[in-house]
Protein chains: 2
Amino acid sequence: MKQSLRMLALLMAALGVAALFVVHSSQAKSPPTKGEMEVDYRQSLYTVLSGNFGPLGAMAEGKMPFNAVEARTRAQRVAFLAPMLKEAFPADSDGVAHTAAKHEIWTEPDEFAKKLQTLIDRTTALAAAADTGDADKIKDAVQDTAKACKDCHKKFREKDKD
Amino acid sequence: MKQSLRMLALLMAALGVAALFVVHSSQAKSPPTKGEMEVDYRQSLYTVLSGNFGPLGAMAEGKMPFNAVEARTRAQRVAFLAPMLKEAFPADSDGVAHTAAKHEIWTEPDEFAKKLQTLIDRTTALAAAADTGDADKIKDAVQDTAKACKDCHKKFREKDKD
């Protein structure tokens, strides 16, 4: 009986330590570092960008009915947001946990800037296409923009991180 | 000795279970629900919005040197992004974990819409003030915008959630 109680106490202690660890890891966060805040901003910018590009992609693929007014609004947002990415890769945000941004972004800045500029140019063209209200022109511009996204991700984004 | 080994085995088992739980809670995420994705979009929009309003606040408070060009860019972004909040509170995003958005947003939609429109109007005025390049006018418009943020948060945002 005494031995069972000791074992129970030991088990409870072990689970207690583990529980503290779980609570710590999920709640008692330390203040974010400068780099972590920069990654948070960058990921948020991409979330808003892709949240608005998504419906354009769906319209282009026929998964959502074409709507010229919505397409124009979304395209204007995408074109407004894309150039903001130019400031979203400061040096402190290299190597921060939970970023999918590869180190090569900072070691090959010219190549990265070139790919980013291609994206920006294509989103400008997308907004111009959306201004015409022509579904086919918009579809082509959406596909060109999606290619620019993929081309940059292929080289500069880790596939297996979130 | 045999008893010590049993206690050690019990301890290891308990820690093993706990470790599995930690791994599960931090990595093995289930796909996000519609509401969770909506909350992610909303929080991202606020992050980008506040990331651009921040420097305006810092300039208004004298914590950062006034720069008319940067103030104009930031104000234009804030004015562009604020109206996007109108779509950022769909019904599915009510009551989702980790949202600070109070249920009253959906039960008092007219009051919420009114406060949000006040914010939008003030960000429009902020962008107009920033177009003049006049530091004092910008400072006043920044303060008016900050008041609109706080006034809405006071009623519709949980203080203790992230």
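**Notebook: helix packing in chains A and B**

I started in chain B, where helix 5 passes helix 6 in a left-handed crossing (near helix turned anticlockwise from the far one by less than a right angle; clockwise would be right-handed). By class, I get 13 nonpolar, 4 polar and 8 charged residues for the contact of helix 5 of chain B with helix 6 of chain B. My classes: Ala, Val, Leu, Ile, Met, Phe, Trp, Tyr, Cys and Pro are nonpolar, Asp, Glu, Lys and Arg are charged, and the others, Gly among them, are polar.

Ground rules: this is a predicted model, with local features needing pLDDT of at least 70 and side-chain atom pairs counting only at pLDDT 80 or more, while totals for chains, interfaces and linings use all residues. Residues are numbered from 1 along each chain as its sequence is written, chains are lettered from A and ligands numbered from 1 in the order written, and side-chain values use heavy atoms, without hydrogens or water. Helices are DSSP runs (H or I, at least four residues), numbered from the N terminus.

Back to the pair: helix 5 (residues 109-132) and helix 6 (residues 135-156) of chain B pack at about 165°, axes 8 Å apart. Axes are lines fitted to C-alpha atoms over the stretch in contact, and angles run from 0 to 180 degrees between N-to-C directions. Helix 5 and helix 6 of chain B are therefore roughly antiparallel (under 35 degrees is roughly parallel, over 145 roughly antiparallel, 65 to 115 roughly perpendicular, the rest oblique).

Next I looked up helix 2 against helix 6 in chain B: about 125°, axes 9 Å apart. That makes helix 2 of chain B oblique to helix 6 of chain B. Their crossing is left-handed. On the helix 2 side I found B:Phe53, B:Leu56, B:Gly57 and B:Ala60, meeting B:Lys139, B:Val142, B:Thr145 and B:Ala146 of helix 6. The split here is 5 nonpolar, 2 polar and 1 charged.

I then zoomed in on B:Thr145, which counts as buried at 1% relative accessibility (buried is under 20% relative accessible area, exposed over 50%, partly exposed in between; 1.4 Å probe, protein chains only). Leaving aside neighbours within four places in sequence, B:Thr145 is in contact (heavy atoms within 4.5 Å) with B:Phe53, B:Leu119, B:Arg122, B:Thr123 and B:Leu126.

Over in chain A, I checked A:Lys115 in helix 5. A:Lys115 counts as buried at 14% relative accessibility. With the same neighbours left aside, A:Lys115 is in contact with A:Asp151, A:Cys152, A:Lys155 and A:Phe156.

Last stop, helix 3 of chain A: its buried residues include A:Arg74 and A:Arg77. The buried residues of this helix pack against helices 2, 5 and 6 of chain A, together with helices 2 and 3 of chain B.

Technical notes: Helices (H or I, at least four residues) and strands (E, at least two) are DSSP runs, numbered from the N terminus.
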